[in-house]
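This report walks through one chain, from its interior to its surface. Have the sequence and the structure open side by side.

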Amino acid sequence: MNTKQKLVKRVIIALFAAIIIIQNFIPFLGYIPLGPLNLTIIHITVIVIALSMGPLYGGIVGGIWGVITWIRAFVWPTSPLATIVFVNPLIAILPRILIGIVAGGSFSWLKKRLAKQSSAMVLAAILGSLTNTLLVLGQIYLFYRGKSQVMYALNVNELLPYLLGVIATNGLPEAILAGLVSPLIAGPLRKRLKNN
């Protein structure tokens, strides 16, 4: 990789990091409030980088989002539950990093096995999005099921059906949106990066 290519990659990472910061702090650019939870579209930014630059860069940008999520849980939470859930770095940071790693890694694997690169991008974007949803909600169940009465006004037996409902109402629409939007941005960006 020559100096120009390294510089271009650094600039793109900085640009996408700035986009994630803006999405975190300007309402409706990154989170759409729906009751006690938020529908997120920030994962699309992470997935675009992962599809166009690979899992390492996707993990870095995802990590930036995770650190911001973790810090915001202490100083400016996105929801009442964030002060309880996202203060745990395993829930705030790890799933965000893994979005980029899973999306970028699965795209690398799928593009060798599918006839169309766009199909590989769609599937990889969906997998990246579901990684975030399943890890965040799975860890909420794992770490906080004993506190479900305080957090959700539910008894422990009702927490799993509630979280499965969140997957259906938030997680699946987020995954579908990622599958539709991410390839539209990542495809041209990927071509542009190859030409540099």
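In this predicted model, the largest nonpolar core has 30 residues. I12, I20, I47, I49, L51 and W65 have the most contacts inside that core. Six elements give it two or more residues each: α1, α2 (42-53), α3, α6 (94-110), α7 (117-144) and α9 (156-195). The largest share comes from α2, with nine residues. Another core lies apart from this one. That second core has 15 residues, including A82, A92, I93 and V136.

**Inside the chain**

Which residues does I47 touch, leaving out those up to four places away in sequence? The partners are I99, A103, A125, G128, S129, A178 and S182.

I99 is a useful next stop. I99 sits in helix α6. Is I99 buried or exposed? Its relative accessible area is 0%, so I99 is buried; the cut-off for that class is under 20%. I99 touches H43, V46, I47, W65, G128, T131 and N132, again leaving out residues up to four places away in sequence. I99 and I126 are 27 residues apart in sequence. In space, their C-alpha atoms are 9.9 Å apart.

T133 belongs to helix α7. T133 has a relative accessible area of 6% and therefore counts as buried. Beyond residues up to four places away in sequence, T133 touches G138, I167, G171 and E174.

W70 is found in helix α3. Its relative accessibility is 30%, so W70 counts as partly exposed. The partly exposed class lies between the buried limit of 20% and the exposed limit of 50%.

The table sets these three residues side by side.

| Residue | Helix | Relative accessible area |
|---|---|---|
| I99 | α6 | 0%, buried |
| T133 | α7 | 6%, buried |
| W70 | α3 | 30%, partly exposed |

**On the surface**

W70 also takes part in a nonpolar patch on the surface. The other members are I21, F25, V67, I71, F74, V75 and W76. Together the patch residues have about 760 Å² of accessible area. Which elements give two or more residues to the patch? They are α1 (3-25) and α3 (55-75). Helix α3 gives the most, with five residues. Both helices also give two or more residues to the 30-residue core.

The chain as a whole exposes about 9800 Å². Carbon and sulfur atoms supply 71% of that area.

**The whole chain**

How many helices and strands are there in the chain? There are nine helices and two strands. From the N terminus on, the order of elements is α-β-β-α-α-α-α-α-α-α-α. The radius of gyration is 17 Å, close to the 16 Å that the globule rule gives for 196 residues, so the chain is as compact as a globular protein of that length. Along its principal axes, the C-alpha trace spans about 55 × 35 × 25 Å.

What percentage of the 196 residues count as buried? The value is 46%. Contacts also reach far along the sequence. Among contacts with a separation of 6 or more, 68% join residues 24 or more positions apart. One contact from the buried interior is that between I99 and G128.

Definitions and conventions: Residues numbered from 1 in each chain as written. Predicted model: local features only at pLDDT ≥ 70, side-chain atom pairs only at ≥ 80, totals over all residues. Heavy atoms only, no water. Patch = residues over 30% accessible without salt bridge, like charges linked within 9 Å, V, L, I, M, F, W, Y side chains within 5 Å. Areas by Shrake-Rupley, 256 points an atom, 1.4 Å probe, with all protein chains shown as cover. Salt bridge = Lys/Arg side-chain N within 4 Å of Asp/Glu carboxyl O. Helix = DSSP H or I, 4+ residues; strand = E, 2+ residues; numbered from the N terminus. Buried < 20%, exposed > 50% of the residue type's maximum accessible area, 1.4 Å probe, protein only. Core = buried A, V, L, I, M, F, W, Y, C linked by side-chain atoms within 4.5 Å. Contact = heavy atoms within 4.5 Å. Rg over C-alpha atoms; globule rule 2.2 N^0.38 Å.
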